[in-house]
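Here are some exercises to try with the model open beside you. Take each task by yourself before reading its solution.

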Amino acid sequence: MSLLVVGLSHRSAPVSVLERAALSADAQIKLLQDTVAAEPATEAAVLATCNRIELYADVDKFHAGVAELSTLLAQHSGVGLEELTPYLYVHYEDRAVHHFFSVACGLDSMVVGEGQVLGQIKDSLARAQDLHTAGRLLNDLFQQALRVGKRAHSETGIDRAGQSLVTFGLEQLSAGAPVEAWAAGKKAVVIGAGSMSSLAAATLARAGVAEIVIANRTLDRAERLVQILTEGDETDVPARAVPMESVPVELTRADVAVSCTGATGLVLSAASIAAAVDGRIGAPVPAPDGGSGRTTVQAGAREAALPPTSVGTEEGCPLDLSAVQGTAGFSVLGEAAVAGMAAADLEQHAAWVDNGAVDAPGRAQRTQAGAGTVITLDLAAESEAIAALAAAAAAVGRIPERRRPEPVAEIPRPVPALFLLDLAMPRDIDAAVHRLAGVRLVDIESLAEASADAPMAADVDQVRRIVSDEVAAFGAALRAAHITPTVVALRAMAADVVAGEIARLDGRLPGLDDKQRGEITQAVKRVVDKLLHAPTVRVKQLAAEPGGAGYADALRTLFDLDPETVAAVSRAEDSTDQHDQNGENRGPA
């Protein structure tokens, strides 16, 4: 049997697909049950977080396993297989172990290094154990992944590179300002009372908000979370619980809201958010003075701000700019002032310029006229440019305009009156809220974009080395364990041979007393043990090395071991290990 994982995450799929493929708690249970009922799989576990959905299974056939697991994911997520397939990734055997250990260490998280995924892995294992879908392989894998994740956080500074998704989201809301300074004095609403919502409430309390309101469909859970917040020693923030029906009213008084529920539909619509901020939108953000190339001046004031032109203002100039400056698209920016004018008018202007004086061959003459400077070009030196201009005028009838783009007016947005953090998958808050004035929304999609540019700490390389070492050790232990039932079956067969020979000896030598019979029995057993010791120890060492899986088959073939006997030993060990591990997991945290 071999480990196989099929899944999709924020690294392989857009948030819109992840949102649609999100699995409810009931869907996860049904998926596990259907997976172990399928022919290729004997064990199964689901890891479902806000940015990943992964199905782990112990399968006996790779291609059949990939096909079956992909189909089951599509069926239970509600996303068609053809649409889902391009976003799925597959890892097998050692690559699957490496992927899972990387996930446990936070290397594959949206926020690199975050430790919340360890709790989610523990919950996934507990669910699989409760449903009896986790056997020896997945129990060992998940337990080891938890140990590897804890080791990464204790032996390295990965925590400096990562943080919880809640903290990262609050940093995005604060737009670069220190979260503590931004949160100070704000009133917060937390919608939901699960693990993510509890983390959000605790993070907001430590950040220094003035009040926290917990809203949940089950009021008892909200009240328990309030009790944890108010009775803890870390903070003294006032907190209270309200039913979900009170959320619209609470939002009218709130400054920040965090939502993370298990709802399959929207919890907050754009209309409800608009109603919550109605009448309390802040002042417009001042327009930047320079550097951005943007302006927020009114259209009527824009022309007055542009540089004046002297073209057409000189005495005797035949161009009448006053008659054309009102023309749509006409520019008065420097040398582009005559762009768009009729070729006949420009020919008159050229003839007028041709009568001007020139300082010296090849040089232009500058004279002051009115408000600006008139430049008269040397016709001989500029003959090629004039010929090209005349050809263009003859072809199109008008001089083609070459003008700089007008500055784009930017519509000022008011200062946010309500900050929203949506950590649910599928989303709790309508994405249309992004377009509302006076509201700042950060959701999973915007967090994914922001995390793409987030710097990674140097400790990440050390964590990667830990993962590689742990994968090698796990693979060696797994391969060694794979041959153990065969070795046990071999020793059992040897014991049966010894017992048979001693029984036959009793028939031939009935006069042996108990002491003599015991000495003979021990001598025969010692001979068998010594003959088997070296090959069984060596075969375990060889089996633990990469490519050593075939040694178990060779041992069974050489000693003609009954495959059913080996399988029975393996089932007995699995049953004992699972019982022990279930007891360990049900112990106090």
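A disulfide is counted when a pair of cysteine sulfur atoms lies within 2.5 Å. The model is predicted, so local features need pLDDT of at least 70, side-chain atom pairs count only at pLDDT 80 or more, and totals for chains, interfaces and linings use all residues. Residues are numbered from 1 along each chain as its sequence is written, and side-chain values use heavy atoms, with hydrogens and water left out.

**Exercise 1.** Find how many disulfides the whole structure holds, and say why Cys-50 forms no bond with the closest cysteine sulfur.

Solution.
- Step 1: Searching the whole structure gives 0 disulfides.
- Step 2: The closest cysteine sulfur to that of Cys-50 belongs to Cys-260, and because they are 6.9 Å apart, they are too far for a bond.
- Step 3: Check the burial of Cys-50, where buried means under 20% relative accessible area, exposed over 50%, and partly exposed in between (1.4 Å probe, protein chains only). Cys-50 has 12% relative accessibility and counts as buried.
- Step 4: Cys-105 is buried as well, with a relative accessible area of 0%.

**Exercise 2.** Work out which helix holds Met-493, and whether Met-493 is buried, partly exposed or exposed.

Solution.
- Step 1: Look in helix α19, which covers residues 459–508 and contains Met-493. Helices here are DSSP runs (H or I, at least four residues), as strands are (E, at least two), numbered from the N terminus.
- Step 2: Met-493 has a relative accessible area of 30%, so this residue is partly exposed.
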